[in-house]
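Here are my comments on the model you sent over. They are in numbered points, so you can check each one against the structure.

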Amino acid sequence: MSILTNLKRPEGSWHRKKRVGRGQGSGLGKTAGRGGKGQKARSGNMRFEGFEGGQSPLQRRLPKFGFNPPNRTVYAVVNLGDLEHVFDAGTTVDEAALKQAGLVKGRYDGVKVLAHGELAKKLTVRVNKVSAAARENIEKAGGSVEELPLVAHKPESAAKAHSGKGVKAPRQPRA
């Protein structure tokens, strides 16, 4: 059995660093193992990742695609079929109830209800977005939909974060 004090790296899994330029007798003197002249003998040669010997590299030959804006709004998606299975008739469905039921996991900017599946129960749905078909289905079942405005952050935290920024202090008269 090996313990921490007896741990050894496998034989042949490492080797000493070459000490180059230490005289002719060392075997790596004069040109230090780089051969004579040429691009590879110079410092700062072209051995960077993706270099293909001057041929246009793969990352430049392939087209660019896609864009993910850093300030995009990401919604957690909930389907009507899920609401039908999880909630009882007469329940108010909001983000907190969806999280408690396990239908919304993780961090999202808001919740959107889509019309995948059927809803036969009367529910009060309070979310940030509802598709037109989902709204129609909820109201047809006798429920109601309330769309909540999307709030990026709490007003008090915004006031705290931006307090005094961009406001110049009044100049003090010289005495």
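1. Fold order. Read along the sequence, the pattern is α-β-α-β-α-β-β-β-α-β-α. That gives five helices and six strands in the chain. Keep in mind throughout that this is a predicted model.

2. The sheet. Three strands form an open sheet. Their order is S2-S4-S6, and the pairing is parallel. S2 and S6 stand at the edges, and each has a single partner strand, so one side of each is left without a neighbour in the sheet.

3. S2 against S4. Strand S2 covers residues 92–93. Two bridges join S2 to S4, and the two strands run parallel. Which residues are matched? Thr92 has Thr124 as its bridge partner in S4. Val93 is partnered by Val125 of S4.

4. S4 against S6. How many bridges join S4 to S6? There are four, and again the strands run parallel. Strand S6 spans residues 144–147. On this side, Arg126 has Glu146 of S6 as its bridge partner.

5. The two faces of S4. In a regular strand, side chains alternate between the two faces of the sheet. Strand S4 (residues 124–127) shows this alternation. Val125 and Val127 point to one face and are buried. Thr124 and Arg126 point to the other face and are not buried. Put this beside the pairing: Val125, the partner of Val93, is on the buried face. Thr124, the partner of Thr92, is on the other face. Arg126, the partner of Glu146, also points to that other face.

6. Burial and surface. What share of the chain is buried? Of its 175 residues, 18% count as buried. The accessible surface comes to about 14,700 Å². Carbon and sulfur atoms account for 52% of that surface.

7. Contacts along the chain. Take the contacts with a separation of 6 or more. Residues 24 or more positions apart account for 43% of them.

8. Aromatic rings. A pair of aromatic rings is described by the distance of the centres and the angle of the planes. Here the count of aromatic pairs comes to zero. The cut-off is ring centres within 6.5 Å. One ring does carry a charge over its face: Arg9 lies over Trp14, at 4.3 Å from the ring centre.

Technical notes. Residues numbered from 1 in each chain as written. Predicted model: local features only at pLDDT ≥ 70, side-chain atom pairs only at ≥ 80, totals over all residues. Heavy atoms only, no water. Phe/Tyr/Trp six-rings, centres within 6.5 Å; stacked < 30°, edge-to-face > 60°. Lys NZ or Arg CZ within 6 Å of the ring centre and 35° of its normal. Buried < 20%, exposed > 50% of the residue type's maximum accessible area, 1.4 Å probe, protein only. Contact = heavy atoms within 4.5 Å. Areas by Shrake-Rupley, 256 points an atom, 1.4 Å probe, with all protein chains shown as cover. Pairing = 2+ DSSP bridges.
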